[in-house]
Each structure stands twice: as structure tokens, then as C-alpha cells.
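Thanks for coming, everyone. I would like to walk through one structure today, going from the sheet to the helices, then to the core, and ending with two individual residues.

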Amino acid sequence: MKKVEAVIKPFKLDDVREALSEIGITGMTAIEVKGFGRQKGHTELYRGAEYVVDFLPKVKLEVVVREEDLDRCVETITNAARTGKIGDGKIFITSVERVVRIRTGETDQDAI
């Protein structure tokens, strides 16, 4: 099993969720986060004063998938989240040793 963490632009969340749902991936966690990479923030004007916004709003998605679904999941997220502009985000993939469904006690693949 693999955990896919994707940091994307907030307005792309629904597109990504719908695209993943279409390929049969329905369980996910979405967290509002702030951060920056090469995008490095920007300056804004507020009441005549200019200030720098270092951390930009993003959404972090977490999905646990079977290894055989990994490539399709990553491709789907990439296609749905891409705008072609800086700040589209990143995808991180890590191994998951064990999963337990609390309600039933099911483990691993049965639990996802």
C-alpha cells in the first residue's frame, strides 16, 4: 500500500476529487495548509501599505491506495490539478506498513 500526499491549489480540489472518484478512489483526506516553493509568495497592498505574503493557501490531499492503483492515482491527480502555471503543487508517495479500520477491525487492503 502507498500513501499519496498531494499539495494542490485550493480551487482544484473539486476537480481532483471528482477525477479520483471516477477511477474508483473515494476515500481521502483534505487539509487546508499554507506554504511556498518556487512560487515564493507575493506582495499585496492593504490600506495603502505594501506587505509580503510568504505563505500561500494550498490544499493537502492524503489518499492511501493499493500499489496496483498507484500510477493511475498519481496520473489522475496530476492531470486534474495541472493549470500549467507556477504553484500547481507536488505529489509525495510513501509506503504504508499497516492500516486498521477502527469500526470493524479490518486490516490492510480490506481497510482501504
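**The sheet and what covers it**

Let me begin with β1, which is largely enclosed by the rest of the structure, because 5 of its 7 residues are buried, where buried means under 20% relative accessible area, exposed over 50%, and partly exposed in between, with a 1.4 Å probe and protein chains only. Before going further, I should say that this is a predicted model, so that local features need pLDDT of at least 70 and side-chain atom pairs count only at pLDDT 80 or more, while totals for chains, interfaces and linings use all residues. Residues are numbered from 1 along each chain as its sequence is written, and side-chain values use heavy atoms, with hydrogens and water left out.

The protein has 2 helices and 6 strands, and read from the N terminus the elements run β-α-β-β-β-β-α-β. Helices here are DSSP runs of H or I with at least four residues, strands are runs of E with at least two, and both are numbered from the N terminus.

How are the strands of the open sheet ordered? There are 4 of them, in the order β2-β5-β1-β6, with antiparallel pairing; two strands are said to pair if DSSP finds at least two bridges between them. The edges are β2 (29–35) and β6 (89–95), each of which pairs on one side only, and the twist from one strand to the next averages 20°. As general background, strands of a sheet pair through backbone hydrogen bonds, either parallel or antiparallel.

Taking the pairs in turn, β2 and β5 are joined antiparallel by 7 bridges, with Glu-32 opposite Val-59 in β5. The antiparallel pair of β1 and β5 also has 7 bridges, and here Ile-8 stands opposite Val-59, while Val-7 stands opposite Lys-60. Between β1 and β6, again antiparallel, there are 7 bridges, and on that side the partner of Val-7 in β6 is Lys-90. Like β1, β5 is largely enclosed by the rest of the structure, since 7 of its 10 residues are buried.

Turning to the helices, α1 lies across β1, β2 and β5, at about 10° to β5, and α2 lies across β1, β5 and β6, at about 5° to β1. Those angles run from 0 to 180 degrees between N-to-C directions, with axes as lines fitted to C-alpha atoms, for helices over the stretch in contact; contact itself means heavy atoms within 4.5 Å.

**The core**

The largest nonpolar core has 17 residues, and Ile-8, Val-16, Leu-20, Val-65, Cys-73 and Ile-77 touch the most other members. Such a core is a set of buried Ala, Val, Leu, Ile, Met, Phe, Trp, Tyr and Cys residues joined through side-chain atoms within 4.5 Å. Two or more residues come from each of β1 (2–8), α1 (13–22), β5 (56–65) and α2 (70–81), with α2 giving the most, at 6 residues. Leaving aside neighbours within four places in sequence, Leu-20 is in contact with Ile-25, Met-28, Val-63, Cys-73, Thr-76 and Ile-77.

For the protein as a whole, 31% of the 112 residues are buried, and among contacts between residues at least 6 apart in sequence, 70% join residues at least 24 apart.

**Two residues to look at**

Is Lys-9 buried or exposed? Lys-9, in the loop between β1 and α1, counts as buried because its relative accessibility is 14%. A polar atom of the Lys-9 side chain lies 3.5 Å from the backbone oxygen of Ile-86. Not counting residues up to four places away in sequence, Lys-9 touches Lys-58, Thr-83, Lys-85, Ile-86, Gly-87 and Asp-88.

The other residue is Asp-108, in the segment after β6, whose phi is near 50°, a positive value in a residue other than glycine. In general, most residues other than glycine have a negative phi. With a relative accessibility of 28%, Asp-108 counts as partly exposed.

How values were computed
A polar contact is a pair of N or O atoms within 3.5 Å; within protein, one must be able to donate a hydrogen and the other to accept it, and residues adjacent in sequence count only if both atoms are side-chain atoms.
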